[in-house]
2 protein chains.
Amino acid sequence: MDLQRRERFEGVRAWPEDSAGGLMDADALSVRADVTLYVVQRYLRRYRRRAGEMPEHTDSLMVVDSGNRYLGVLPLAEVVARPQSTTVAEVMNRRVEAIEAFTPARRVARLFEDHDWLSAPVVDSEGQLIGRITVDDVVDVIREEADRTIMSRAGLDEDMDMFAPVMTSAMRRSVWLGVNLVNALIAAWVIGLFEASIAERVALAVLMPVVASMGGVAGTQSLTLVTRGIALDQVTRANSRRLLAIELGVGLVNGLFWALIVAGVATVWFGDWMLGLVFGLAMVINVGNGTLSGTLVPLVLRRLGIDPALAGGVLLVALTDVVGFAVFLGLATIWLLG
Amino acid sequence: MDLQRRERFEGVRAWPEDSAGGLMDADALSVRADVTLYVVQRYLRRYRRRAGEMPEHTDSLMVVDSGNRYLGVLPLAEVVARPQSTTVAEVMNRRVEAIEAFTPARRVARLFEDHDWLSAPVVDSEGQLIGRITVDDVVDVIREEADRTIMSRAGLDEDMDMFAPVMTSAMRRSVWLGVNLVNALIAAWVIGLFEASIAERVALAVLMPVVASMGGVAGTQSLTLVTRGIALDQVTRANSRRLLAIELGVGLVNGLFWALIVAGVATVWFGDWMLGLVFGLAMVINVGNGTLSGTLVPLVLRRLGIDPALAGGVLLVALTDVVGFAVFLGLATIWLLG
């Protein structure tokens, strides 16, 4: 028995940290299905006397067959509230499906959320009970997952300390600034291609950041929605084409709406309706580009196995900046100055 | 007894949805401290026979005195594993502090996380037991809180449906684009003040988005860290001055580092070391402005009772865009063209 326990503990170490096996405790108390609740209580009293205390967060026992194969869950609430002559098989809950040890932690969290479990059994590939996961560990997974998403969007590690020494913080954040600098310099290079046009018509320099920024904002909305959809397993290969069509539609509707307004603003501001037209058209194109890129970027990153929360924003801004500047300055060069 | 139960249910409705009272169930099973576990089990069996089933997620019972005042928690694991003659008082856990009904849901979630509770008692202002909160409801709070933070940064509601009709989605997202358009137009107006300078030196138009964007990126890092710190109750009035000093330090270190590099790039690119100098100086100032604004904006918004996750990003970008353009173009006008 002691040897068996030790083997179980060894087992725990072998699973990846972010899997069901890594999350589980090996201290699951298990009983057979054919015994009575009287026998179960006698067993528990004996266990407690020997061990000194019950395993933490024991709200239920696991029911197994003679080969330690998982059968169901026996809530302690049933043990205390049912007649002692009842058998385990009569009251155990067979609907709680066991979690396979290699199941990713994120999916374990989703299972707990969907089923409102307090604890759940973990089995190996043969269906043998090897441990249990309790909801308190799942809570940590959920919190860390959310934290990582929020932090990595700003290029931060989730364990960053606000009150760390200045030099430590500066160095850890610096890489992200460097990545974004490369981005910004590429956009600057695109603008540089149109220096002659800007020299001839300075209004272009005034309006071009508006086109880039609106594309970025529209794209960030799509990126956020699609990234969340991927995390919640709502985006499949089957519906991603439909998703793309919807996002493109949203981009065109909102692009057109705001394009009309900004075209009017630019026409009045600079007294030039052709400039207004070019501005509006570039806006439609870049807002559409934003929603399209915001949808495609996380889909492609997922296919490549890269976390969209970290790299998604950078790629998106690169795309909406470059396209925004190029389309606006390009159209202006052809139509206004050609 | 039936009347008492109904009163309890009425009570539940009276609490704000996002408070402990709003989260709790009124079906907490309570026992007296002076009875034996034998009596407890008899009571539970009778309860189950009458009610047909036990309250969901019952991992423990609440212990109260004769005036229904909360005393402690009795885990079912103790009820089943201790000798029947033991009294409740001997085995109950007095360390679980009751949650006051008006406690905000967010703080309830933090308490559950910190103490790894599966359930916890809720009391009214007189310390009377009025219900219990189970961890499955807390999991929902944590998930929603994280979701709201991520979504509201992109101006999205957390209940937005990816597959809603195009017009519905377009309208719900449009407001955010409008807010950001106002932002972008203000920045454009600032650029417009320097039209003459740009006409004289087009390189300014090429480089100015780099200054604005780097300030925004540095600021977003500070904003993300400080907003999270506020949510985790790590930012107090006492340490916010120190936080501000650290962030300003990080901004200056990283600003100086990247300024040296971009100054070199601009000098080589445009063959003008004075332009490089102005570019680098503007970069230091705007990256410093970014970290300072990224720290101050959430602190001020919190003071005003506004959610920093929603309004923080917009305000920050407005500040880093306006300051970035104004400082770079202003310095250039004075030093390069004066």
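This is a short walk through the contact between two chains and some of the salt bridges in and around it. The model you have open is a predicted one.

**Stop 1: the whole interface**

Colour chain A and chain B separately and select the residues where they touch. Your selection should hold 99 residues from chain A and 98 residues from chain B. Putting the two chains together buries about 9100 Å², and carbon and sulfur atoms give 70% of that area. For polar links, the interface has 25 residue pairs in polar contact, counting pairs with both residues at pLDDT 80 or more.

Now hide chain B and look at the face of chain A that touches it. The elements giving two or more residues to this face are α3 (37-51), α4 (76-81), α6 (105-115), α7 (135-152), α8 (166-192), α9 (195-200), α10 (203-231) and α11 (240-270) of chain A. Which of them gives the most? Select α10(A): with 18 residues, α10(A) gives the most to this side of chain A. Colour the same face by residue type, and you will find 59 nonpolar, 21 polar and 19 charged residues.

**Stop 2: A:Asn180**

Bring chain B back and centre on A:Asn180, which sits in helix α8 of chain A. Is A:Asn180 buried or exposed? A:Asn180 has a relative accessible area of 9%, and because the cut-off for buried is under 20%, this residue counts as buried. Show its neighbours: leaving aside residues up to four places away in sequence, A:Asn180 touches A:Val314, B:Met214 and B:Val217.

**Stop 3: a salt bridge from chain to chain**

Next, turn on the charged side chains. Over all chains, the structure has 26 salt bridges, and the count between chain A and chain B is 10.

Zoom in on A:Glu78 and B:Arg48, a salt bridge whose closest N and O atoms are 3.5 Å apart. A:Glu78 belongs to helix α4 of chain A and B:Arg48 to helix α3 (residues 37-51) of chain B, so this pair joins two chains. Both ends are buried: A:Glu78 has a relative accessible area of 14%, and B:Arg48 has one of 13%.

Now select B:Glu78, which meets B:Arg82 in a salt bridge (2.7 Å, N to O). B:Glu78 is buried at 13% relative accessible area, whereas B:Arg82 is partly exposed at 22%.

**Stop 4: A:Glu113, B:Glu113 and their partners**

Select A:Arg110, A:Glu113, A:Glu145 and B:Arg143 together; a network of salt bridges links these four residues. Then move to B:Glu113 and A:Arg143, which also form a salt bridge, with 2.6 Å between the closest N and O atoms.

**Stop 5: a salt bridge within chain A**

For the last stop, select A:Arg107 and A:Asp233. Their side chains meet in a salt bridge at 3.5 Å, N to O. What does this pair tie together? A:Arg107 lies in helix α6 of chain A and A:Asp233 in the loop between α10 and α11 of chain A, so the pair ties together parts that are 126 residues apart in sequence. Switch on the surface, and both residues count as partly exposed: A:Arg107 has a relative accessible area of 44%, and A:Asp233 has 39% relative accessibility.

Notes. Residues numbered from 1 in each chain as written. Chains lettered and ligands numbered in written order. Heavy atoms only, no water. Contact = heavy atoms within 4.5 Å. Buried area = accessible area lost by both parts, 1.4 Å probe. Polar contact = N/O pair within 3.5 Å; in protein donor to acceptor, adjacent residues only side chain to side chain. Helix = DSSP H or I, 4+ residues; strand = E, 2+ residues; numbered from the N terminus. Nonpolar A, V, L, I, M, F, W, Y, C, P; charged D, E, K, R; others polar. Buried < 20%, exposed > 50% of the residue type's maximum accessible area, 1.4 Å probe, protein only.
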